[in-house]
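Open the model in your viewer and keep the sequence panel beside it. The tour goes stop by stop, with a selection to make at each one.

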Amino acid sequence: MKVLKGIQASNGIAIGPVYLHDPEEPWVDYRRIGEDEVDGEVRRFLDTLASVAEDLKATRVRVEENLGPDHAQIFDAHLMILGDAALREPTLASIRKDRVNVEYAFWLTLQKVRRQFDAIQDDYFRARRADILDVERRVLSRLCRRDDSLPERMTAPAIVIAHELTPSNAARMKRDSVLGMVTEAGAATSHASIIARGLEIPAVVGVDAALASAEPGDTAIVDGNRGLVCIRPDPDTLSRYRAEARRFTELQKGLLRFTDVPAETLDGVRVCLQGNIELPEEGRSALAYGAEGIGLFRTEYLYLAGSSLPGEDEQAAAYTRLAEQMAPHPLVVRTLDLGGDKLAHASHATEETNPFLGWRAIRHSLANRDLFRIQLRAILRSSASGNVKLMFPMISGVEELLEAKSVLSEARAELKRSGVPFDEDCDVGAVIEVPSAAVVADQLAREVNFFSIGTNDLVQYTLAVDRGNERVAYLYDPYHPAVLRLIKSVVDAGHRHDIPVTVCGEMAADPHSCVLLMGMGVDGFSAGPRMVPEIKQAIRSVTMEEARAVAEEALALPTRGAIRDYLHGALTRMQAPSRALDELEEEPAGVER
Ligand code: PEP
Ligand code: MG
């Protein structure tokens with residue numbers, strides 16, 4: 001048994017066989033071909049060999065210029081392998097005689113060659129084996145589909161272990177096929193982690209050498225509650241975890257009794273509690289967990305989860321369905337937050353050195369006006385069918401907000417001209433997640449109807465800690481006094497201008513920090529649906545006066561450690577489940593549980 005430690009990304013226990021996900025590994029299809037396809041497949045093979053040879057020659061020239069002839073020699077070896085009849089002839093024979101597709105024929109040939117090399121105990125041949133692998137990868141990469149999509153690659157439900165899952169790949173995970181998720185990279189607020197929580201898939205991220213520790217088909221346990229992964233567990237561990245998985249399910253069921261009661265403090269202050277969703281299908285689970293509407297719809301997943309850009313009608317239909325489902329509660333639609341780590345086929349994104357500081361979110365939308373107007377029109381159209389609000393992500397200052405609002409005015413005018421109905425009073429908000437926006441929040445507050453604080457990004461930008469980097473995850477902390485002071489100043493600025501301030505980052509999903517935030521004056525929270533009952537429990541177990549006292553005390557402390565310890569001590573006492581449950585027992589008749 002091997003136990004690996006990582007970062008807790010999504011609660012729960014998963015037990016199952018391992019699936020190692022390597023998107024770099026070309027995906028070799030097997031297909032029988034007809035006689036009429038043989039010539040085409042042969043041509044495809046020979047053309048591919050020729051184009052890989054061209055690339056190798058060009059690389060050889062570059063390497064020779066930059067590093068000298070010794071380093072360039074390796075490419076001569078690769079070119080020789082590529083031209084070797086021992087690879088070419090059996091592949092052609094397979095295509096012609098066995099009638100299989102070229103990728104499979106080539107892969108099969110290489111398997112045989114590799115086995116021959118493996119049988120020779122000689123350092124020289126072992127080194128040549130690495131060259132052959134390199135050539136194999138080059139040719140297969142050119143021949144094969146490079147679809148790294150998880151559901152398509154997986155053949156049975158399994159625990160996925162990967163180096164990293166891109167947001168678009170994570171968005172395609174299915175709860176019935178991905179039992180648990182383990183990644184080597186990433187941290188708790190990486191988008192793959194957020195999605196795993198949304199899908200209720202137990203997950204541990206930032207696990208060093210996870211891929212090298214397991215073989216496909218090994219049994220593994222993902223302990224998302226403690227951030228542990230057990231590979232090939234012994235029978236004792238397995239049975240302990242089976243029991244724990246049952247207990248966890250019971251605990252979750254117990255929390256569901258908070259679903260239908262209001263998010264209200266012990267002294268009767270109502271707090272707005274909504275759900276964050278990535279995909280429209282999650283709207284149902286937000287309601288099922290007792291969220292009063294959607295406080296953050298991350299619309300970029302409409303793009304990332306599909307293979308093409310949805311048009312205006314398709315987007316309008318998705319927003320309208322959700323708005324109707326949530327009514328009379330709100331649906332807050334955030335305009336595209338593409339870019340950063342969320343690169344999309346449609347965004348013409350190029351790789352950037354500092355993607356989180358780069359061309360993303362509102363910057364991307366303002367640079368793609370047509371795309372932006374399409375989305376704004378679609379959101380406005382849905383406002384005719386429910387309580388729809390829209391908000392702009394990554395606003396960094398007043399000019400940017402005014403520019404976004406002017407595109408919104410254009411979209412409004414276009415709809416008016418064509419006689420399309422929409423809610424003229426649709427609220428417009430700004431996501432406050434860039435420190436510069438937090439500092440000038442008093443100016444921004446004059447221009448919008450609400451603020452939603454995106455703590456996931458606000459923490460990373462304030463502390464200069466990449467939210468997706470496991471190596472600096474220990475520095476990523478919403479309890480840093482600088483973060484708390486910024487949040488407080490945003491709340492105060494919003495309130496001075498009579499606009500509500502909510503929090504939609506992961507900080508809202510933590511039962512301790514949401515009491516702290518409530519005490520700081522935050523008007524509402526939006527969190528992953530599964531967290532809603534637990535947050536409600538936390539809200540229901542304190543008075544507003546207690547929350548304010550907690551906030552005052554915490555804000556006066558000098559370090560994140562001191563704040564964390566203080567909150568832990570004060571709130572564990574206050575949030576004893578019995579307090580919230582006592583209240584629940586006293587709930588007026590008629591409240592369904
Ligand atoms: C945030 O930054 O806190 C937020 C809610 O947005 P995202 O996690 O999508 O960046
Ligand atoms: Mg953000």
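The stops are a ligand site, a helix, a loop residue and some backbone exceptions.

This is a predicted model, in which local features need pLDDT of at least 70, side-chain atom pairs count only at pLDDT 80 or more, and totals for chains, interfaces and linings use all residues. Residues are numbered from 1 along each chain as its sequence is written, chains are lettered from A and ligands numbered from 1 in the order in which they are written, and side-chain values use heavy atoms, with hydrogens and water left out.

**Ligand 1.** Select ligand 1 and the 15 residues that surround it (a heavy atom within 4 Å). The closest are Arg298, Arg334, Gly454, Asn456 and Arg467. Next, look at the oxygen atoms of the ligand for polar contacts (pairs of N or O atoms within 3.5 Å). A backbone N or O atom of Asn456 lies 2.7 Å from a ligand oxygen, and one of Thr455 lies 3.1 Å from a ligand oxygen. From Arg467, a polar side-chain atom lies 2.7 Å from an oxygen of ligand 1. Taken alone, the ligand exposes 290 Å², and the protein buries 100% of that (Shrake-Rupley method, 1.4 Å probe).

**Helix H23.** Select residues 544–555, helix H23 (helices are DSSP runs of H or I with at least four residues, strands E runs of at least two, numbered from the N terminus). Its 12 residues reach 16 Å from first C-alpha to last, close to the 16 Å expected at 1.5 Å a residue (1.5 Å times one less than the number of residues). Which residues of H23 are buried? They are Met544, Ala547, Val550, Ala551 and Ala554 (buried is under 20% relative accessible area, exposed over 50%, partly exposed in between, with a 1.4 Å probe and protein chains only). Viewed down the axis of H23, its buried residues fall within an arc of 120°, so they line one face of the helix (the arc uses directions from the axis to the C-beta atoms). They pack against helix H21 (511–519) and helix H24 (560–574). On the other side, Glu545 and Glu552 are exposed.

**Glu200.** Move to the loop between helix H8 (191–199) and strand E6 (203–205), where Glu200 sits. Glu200 is buried, at 17% relative accessible area. Leaving aside neighbours within four places in sequence, Glu200 is in contact with Arg175, Tyr289 and Arg530 (heavy atoms within 4.5 Å).

**Backbone exceptions.** Select Ala327 and Pro328, joined by a cis peptide bond with omega about 5°. Finish at Ala464, in the loop between helix H19 (455–463) and helix H20 (481–496). Ala464 has a positive phi of about 55° although it is not a glycine, and counts as exposed at 70% relative accessibility.

How values were computed. Polar contact = N/O pair within 3.5 Å; in protein donor to acceptor, adjacent residues only side chain to side chain.
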